[in-house]
Amino acid sequence: MGRQTPLYDLHRELGARIVDFGGWDMPLQYGSQIGEHHAVRRGSGVFDVSHMCAVDLRGERARELLRKLLANDVDRLKRPGKALYSCMLNETGGVLDDLIVYFVNDYAYRVVVNAGTRDRDLAWIREHARALEVEVRERTDLAILAIQGPEARAKTARLMTETAGRDALALEPFFGRELDGWFVARTGYTGEDGFEVMLPAGDAARVWRALNAAGVASCGLGARDTLRLEGGMNLYGNDMNESTHPFESGLGWTVALQPPDRAFVGRPALEAVLAAQAAGKTVPRQLVGLILEDRGVLRSHQRVLVPARGSGHAAAAADANAASAADGEITSGTFSPTLERSIALARIPATDAARVQVDIRGKLLNARIVKPPFVRFGKAMIDLPEAPR
Amino acid sequence: MSNVPADLRYTRSHEWIRTLPDGTVEIGITDHAQHALGDLVFVEVPEAGRSLKAGEASAVVESVKAASDVYSPLSGEVTAGNPRLATEPEAVNTDPYGNGWLMRVRPAAASPTEGLMSADDYLKFLETEGG
């Protein structure tokens, strides 16, 4: 048996199928996974993400600590409540975790880290915090609900007092604030508008039921995965890990190399990577989106055949050298319920090709390279290939 | 509670087998199996003429979350794969014993369903499996 969130008994009562996720017993789905996906794109859904961990950092040198630990720069946070997405790197530039940090004030930040990495993250943060005398507090007393979809904010605000609800609705994207004992943030992992709410664990079941009563669908990790992939968002452990760096994980935009004198963990390694690429010593790898043109379903670890630069077709390159360096790999793949096509993220050598082939059970199927996101605010963001026969 | 029709035969890997009047058999996956897989989004069925050995992976059913092989319960030659499933894979979820059939096979053996489970045996098997 794994670890359980404060909502575990309620998930069982609601008929969820429970699966292991990073050592946690979590709901995969309550009914139809595709039905839950559509509920979020078209109306609203609620997810239990209490397995993720809120960590409060307090101290005069809290900002200094985060400017050392994070590849993105918390100095970009000027207004209280503003959130920043960042990678936390190891010394070799590999991604230890991706996280969101909220700026409370100059001496207080809240960080939300992934479930599968939370113990390692906490140890890493504490190790660096000690020297700077920053207090690290793991908020195991909080549950975290993600309420997502075009109707999510209005339905959540109605459960709050009139003043708090009005303040919640006034939040700009990627801002959060404390309201009547809840921390309400306009963030999410679905490509839709919505809130992530951190609230006392004892309140979580009551709030969940009230959301259900207001027409917000219970949604499991299955729908969360198809929604985030359509939204073009990485999943830690699939799309990046401690042996891949942000530039080959579609996360270069989160690395703040300015100012040049900010000495964050992993910086020398990243600069060495960029220097080697600039000198033509290494071929950069990149994380791209794929949409399958043939029938089938893209899945993680399938092999991607990339045509050599300037050459005609993927098959030619594949014949010449079946296990060549031109190969890439799918890091996340699924059937997209919104697009009714199969989509994926794949790590491939940099290419000027428009198409690749994917080895699915020995068959080479055609896929087009696209720029994620695939879906945003309920709408397709890419041109769809014709429906495969 | 799973639907297990009395007139079919079953395997431990959750396929069902129906003997048709012309002596060929129709094969699909059980209600229990489709429920465990979740929403199906892609089904690959064998082409007519392919010869199958008992226990051979002969079809693939893919839900949103995973791909699973379907094993041929008997040896024989495929007479048809269900063409409907190319555009309507969800028929396996909604009608696993009817429109959701996967393939029809002309069995090599004279009594092809020998050794397969009856509905009662399959129900008992599901109980012991915790299904």
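## A cis proline after H8

Let us start in a loop of chain A: A:Pro259 lies between H8 and helix H9 (267-278). Helices here are DSSP runs of H or I with at least four residues, strands are runs of E with at least two, and both are numbered from the N terminus. The peptide bond that leads from A:Gln258 into A:Pro259 is cis, and its omega is near -5°.

This is a predicted model, in which local features need pLDDT of at least 70, side-chain atom pairs count only at pLDDT 80 or more, and totals for chains, interfaces and linings use all residues. Residues are numbered from 1 along each chain as its sequence is written, while chains are lettered from A and ligands numbered from 1 in the order in which they are written.

## Other backbone features worth a look

A further cis peptide bond runs from A:Pro372 to A:Pro373, with omega near 5°. A:Pro373 belongs to the loop between strand S19 (363-370) and strand S20 (375-376) of chain A. As background, most residues other than glycine have a negative phi, and most peptide bonds are trans.

Which phi does A:Phe377 take, although it is not a glycine? The phi of A:Phe377 is positive, at about 45°. You will find A:Phe377 in the loop between S20 and strand S21 (379-380) of chain A. A:Phe377 counts as exposed because it has 12 C-beta neighbours inside 10 Å; on this scale, 20 or more other C-beta atoms within 10 Å of a residue's own make it buried, 12 or fewer make it exposed, and anything in between is partly exposed, with C-beta atoms placed from the backbone.

## Helix H4 and the residue that follows

Helix H4 of chain A covers residues 118-132. At 1.5 Å a residue, its 15 residues should span 21 Å, and the end C-alpha atoms are indeed 21 Å apart. The expected span is 1.5 Å times one less than the number of residues. The buried residues of H4(A) are A:Arg118, A:Asp121, A:Ile125 and A:Ala129. Their packing partners in chain A include helix H3 (62-69), strand S5 (83-89) and strand S8 (135-138).

Just after H4(A) comes A:Glu133, with a positive phi of about 55°. A:Glu133 is not a glycine, and its place is in the loop between H4 and S8 of chain A. Is A:Glu133 buried or exposed? A:Glu133 counts as exposed, because it has 11 C-beta neighbours inside 10 Å.

## H3 against H4

H3(A) and H4(A) pack at an angle of about 140°, and their axes are 10 Å apart. Axes are lines fitted to C-alpha atoms, for helices over the stretch in contact, and angles run from 0 to 180 degrees between N-to-C directions. The angle therefore makes H3(A) oblique to H4(A); under 35 degrees counts as roughly parallel, over 145 as roughly antiparallel, 65 to 115 as roughly perpendicular, and the rest as oblique.

The crossing of H3(A) and H4(A) is right-handed, that is, the near helix is turned clockwise from the far one by less than a right angle, whereas an anticlockwise turn would be left-handed. H3(A) brings A:Glu64, A:Leu65, A:Lys68 and A:Leu69 to the contact, and H4(A) brings A:Ile125, A:His128, A:Ala129 and A:Leu132. Two residues are in contact if their C-beta atoms, placed from the backbone, lie within 7 Å. The residues of this contact divide into five nonpolar, one polar and two charged. Ala, Val, Leu, Ile, Met, Phe, Trp, Tyr, Cys and Pro count as nonpolar, Asp, Glu, Lys and Arg as charged, and the others, Gly among them, as polar.

## H2 against H8

The axes of H2(A) and H8(A) come within 8 Å and cross at roughly 55°, which means that H2(A) is oblique to H8(A). The crossing of H2(A) and H8(A) is right-handed. Here A:Gln33, A:Glu36, A:His37 and A:Val40 of H2(A) meet A:Gly222, A:Ala223, A:Thr226 and A:Leu227 of H8(A). The residues of this contact comprise three nonpolar, four polar and one charged.

## Where chain A touches chain B

The contact between the chains takes 12 residues from chain A and eight residues from chain B. On the side of chain A that touches chain B, helix H2 (33-42), helix H8 (221-230) and strand S16 (327-336) each supply at least two residues. The residues on that side of chain A divide into three nonpolar, seven polar and two charged.
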